[in-house]
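Work through the exercises below with the sequence and the 3D structure open beside the text. Try each task before reading its solution.

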Amino acid sequence: MPRPLSLAAPFLALAMLLAAPAQAFVAPNRLPVQPTGSDPTTFTVGYRGTANGDIDFWCAAGANANSRLSAASTARIYRISPPPRRAGQGITFSMSPAGAAGSTGLATIGGSGDGSMTVAAARQQCQVSRQLSQTRR
């Protein structure tokens with residue numbers, strides 16, 4: 001005769017799975033990305049001590065938009081958290097211009113001036129970050 005716990009185990013596992021928080025997307029630069037609220041197109045890139053400043057946050061935002069949201073490379077990502085980012089804090093981004101900060105927080109040439117960049121430009125920040133890391137060694 002089976003033990004009562006063995007019959008309950010599948011139901012317990014299912015309940016734990018349903019109760020678990022949504023898994024964060026982890027960008028190639030190892031920064032975690034979590035949806036902010038119920039809209040997956042607004043998300044926060046969390047802080048990790050190894051970040052190369054705002055460049056790494058844009059890298060993670062671009063990777064999230066491309067990989068998780070399947071956004072086109074020409075789609076725009078808007079920075080919602082106003083710069084400058086305080087030490088130890090993340091940055092909130094959105095695929096919508098509503099509430100945009102007005103600045104990317106990066107020194108850019110020919111930027112749009114609306115606190116956004118394309119998904120492709122954000123993903124390009126991953127290469128910039130890698131180059132910065134290599135020159136600092």
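The exercises go from model confidence to a helix, then to strands, rings and backbone angles.

This is a predicted model, in which local features need pLDDT of at least 70 and side-chain atom pairs count only at pLDDT 80 or more, while totals for chains, interfaces and linings use all residues. Residues are numbered from 1 along each chain as its sequence is written, and side-chain values use heavy atoms, with hydrogens and water left out.

**Exercise 1. Confidence**

Find which element of the chain has the lowest mean pLDDT and which has the highest.

Solution.
- Step 1: pLDDT is the predictor's confidence in each residue, from 0 to 100. Helices (H or I, at least four residues) and strands (E, at least two) are DSSP runs, numbered from the N terminus.
- Step 2: The mean pLDDT of the chain is 83, with 79% of its residues at 70 or more.
- Step 3: Helix H1 (residues 4-19) has the lowest mean among the elements, 48, and E4 has the highest, 97.
- Step 4: Over residues 12-21 pLDDT stays under 50, and the model has zero contacts (heavy atoms within 4.5 Å) beyond four places in sequence for them.

**Exercise 2. The length and cover of helix H2**

Compare the expected span of helix H2 (residues 54-68) with the distance between its end C-alpha atoms. Then state how many of its 15 residues are buried.

Solution.
- Step 1: The expected span of a helix is 1.5 Å times one less than its number of residues.
- Step 2: For the 15 residues of H2 this gives 21 Å; the end C-alpha atoms lie 20 Å apart, which agrees.
- Step 3: Buried means under 20% relative accessible area, exposed over 50%, and partly exposed in between (1.4 Å probe, protein chains only).
- Step 4: Twelve of the 15 residues of H2 are buried, and the helix is mostly covered. Among them are Asp54, Phe57, Trp58 and Cys59.

**Exercise 3. Asp54**

Decide whether Asp54 is buried or exposed, and find the side chain with which its own side chain makes a polar contact.

Solution.
- Step 1: Asp54 lies in helix H2.
- Step 2: Its relative accessibility is 14%, so Asp54 counts as buried.
- Step 3: A polar contact is a pair of N or O atoms within 3.5 Å; within protein, one must be able to donate a hydrogen and the other to accept it, and residues adjacent in sequence count only if both atoms are side-chain atoms.
- Step 4: The side chain of Asp54 makes such a contact with the side chain of Arg79, at 2.9 Å.
- Step 5: Leaving aside neighbours within four places in sequence, Asp54 is in contact with residues including Arg79, Arg85 and Ile91.

**Exercise 4. Strand E5 and its partners**

Name the strands that pair with E5 (residues 91-94) and describe its two faces.

Solution.
- Step 1: Two strands pair if DSSP finds at least two bridges between them.
- Step 2: Strand E3 (residues 39-45) runs antiparallel to E5, joined by four bridges. Phe43 has Phe93 in E5 as its bridge partner.
- Step 3: Strand E4 (residues 76-79) is also antiparallel to E5, over two bridges. Tyr78 has Ser94 in E5 as its bridge partner.
- Step 4: In a regular strand the side chains alternate between the two faces of the sheet.
- Step 5: In E5, Ile91 and Phe93 are on one side and Thr92 and Ser94 on the other, all of them buried.

**Exercise 5. An aromatic pair**

Classify the ring pair of Trp58 and Phe93.

Solution.
- Step 1: Rings of Phe, Tyr and Trp (its six-membered ring) pair if their centres lie within 6.5 Å; planes under 30 degrees apart count as stacked, over 60 as edge-to-face and the rest as tilted.
- Step 2: The structure holds two aromatic pairs. In the pair of Trp58 and Phe93 the centres are 4.7 Å apart and the planes are at 70 degrees, so it is edge-to-face.
- Step 3: This pair links distant parts of the chain, with Trp58 in helix H2 and Phe93 in strand E5, 35 residues apart.
- Step 4: Both residues, Trp58 and Phe93, are buried. Together with Phe43 they form one aromatic cluster.

**Exercise 6. Backbone exceptions**

Describe the phi of Arg30, the phi of Ser70 and the peptide bond from Pro83 to Pro84.

Solution.
- Step 1: Most residues other than glycine have a negative phi, and most peptide bonds are trans.
- Step 2: Arg30, in the loop between strand E1 (25-26) and strand E2 (32-36), has a positive phi near 70 degrees. Its relative accessibility is 52%, so Arg30 counts as exposed.
- Step 3: Ser70, in the loop between H2 and E4, has a positive phi near 55 degrees. At 60% relative accessibility, Ser70 counts as exposed.
- Step 4: The bond from Pro83 to Pro84 is cis, with omega near 0 degrees; Pro84 is in the loop between E4 and E5.
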